Amino acid sequence: PPSAPAPSPKGAAQVPLQPPPEAPQGPPPALPGTPPVADQALQDTANRLFATVFTGDRTVQELVEICKEYARQPPDSQEHKIYNAMIEILFAECKIFPKYGPKELSITGELFGSLIWHDLVPSNNVTTASLSLALRCVLEALRREKVSKMFRFGLLALEQFLPKLPELPPLCRMLQPLQHLKADYPTYHQYIVDILEAL
């Protein structure tokens, strides 16, 4: 399959992790879109872990490594339940991503794409969290104006899982017609074209 291009400097994938304005002190409250979780302690722990990347105490990749470790644990373990809660909370937030500040959204885009790249998003899930929903969220962001913060979110997310695109022909077919992606990120666009031509 075609080789994935290196992330473009325009994508600014290396976003400095800085705390958002008025970062909460102490245990973070539940995020606005947080779904009900049977064990409130799981929700609190998940939110506390998310807060560490926004305060700069952890990098996105460090948080992803925690998710990978927790996901490997038995389904009935506390760690796996925390991982499930984190995924559910993140996906419940999708609908309010446009309300995030630019820095928060950049960090979230990197995290979102990294979870897709590391297969930490369930491909088949009857709940709100699923790979198809994740890809749709990225696609809709990339359809926005290229100067918008949501486009930046989509681009940052996409850059994290570029090598996975050959496994996702339907997404490639929907990305190919995006003229602003072709004009401003021709290397990415050509990579997508090459994937589709190789099918």
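1. A residue is called buried when its relative accessible area is under 20%, exposed when over 50%, and partly exposed in between (1.4 Å probe, protein chains only). Helices (H or I, at least four residues) are DSSP runs, numbered from the N terminus.

2. This is a predicted model, in which local features need pLDDT of at least 70, side-chain atom pairs count only at pLDDT 80 or more, and totals for chains, interfaces and linings use all residues. Residues are numbered from 1 along each chain as its sequence is written, and side-chain values use heavy atoms, with hydrogens and water left out.

3. Helix α3 covers residues 78-92, and 11 of its 15 residues are buried, so the rest of the structure largely encloses it. Among the buried residues of α3 are His80, Tyr83, Glu88 and Phe91. Their cover includes α1 (40-54), α2 (60-71), α4 (102-117) and α5 (131-142), where contact means heavy atoms within 4.5 Å.

4. The end C-alpha atoms of α3 are 21 Å apart, which agrees with the 21 Å that its 15 residues should span at 1.5 Å a residue. The expected span is 1.5 Å times one less than the number of residues.

5. The largest nonpolar core (buried Ala, Val, Leu, Ile, Met, Phe, Trp, Tyr and Cys residues joined through side-chain atoms within 4.5 Å) has 60 residues. Those with the most contacts inside this core are Phe97, Phe112, Ile116, Phe161, Leu165 and Leu175. Elements giving two or more residues to this core include α3, α6 (149-160), α7 (169-175) and α9 (186-197).

6. In α9, the buried residues include Tyr188, Tyr191, Ile192 and Ile195. The buried residues of α9 pack against α6, α7 and α8 (179-184).
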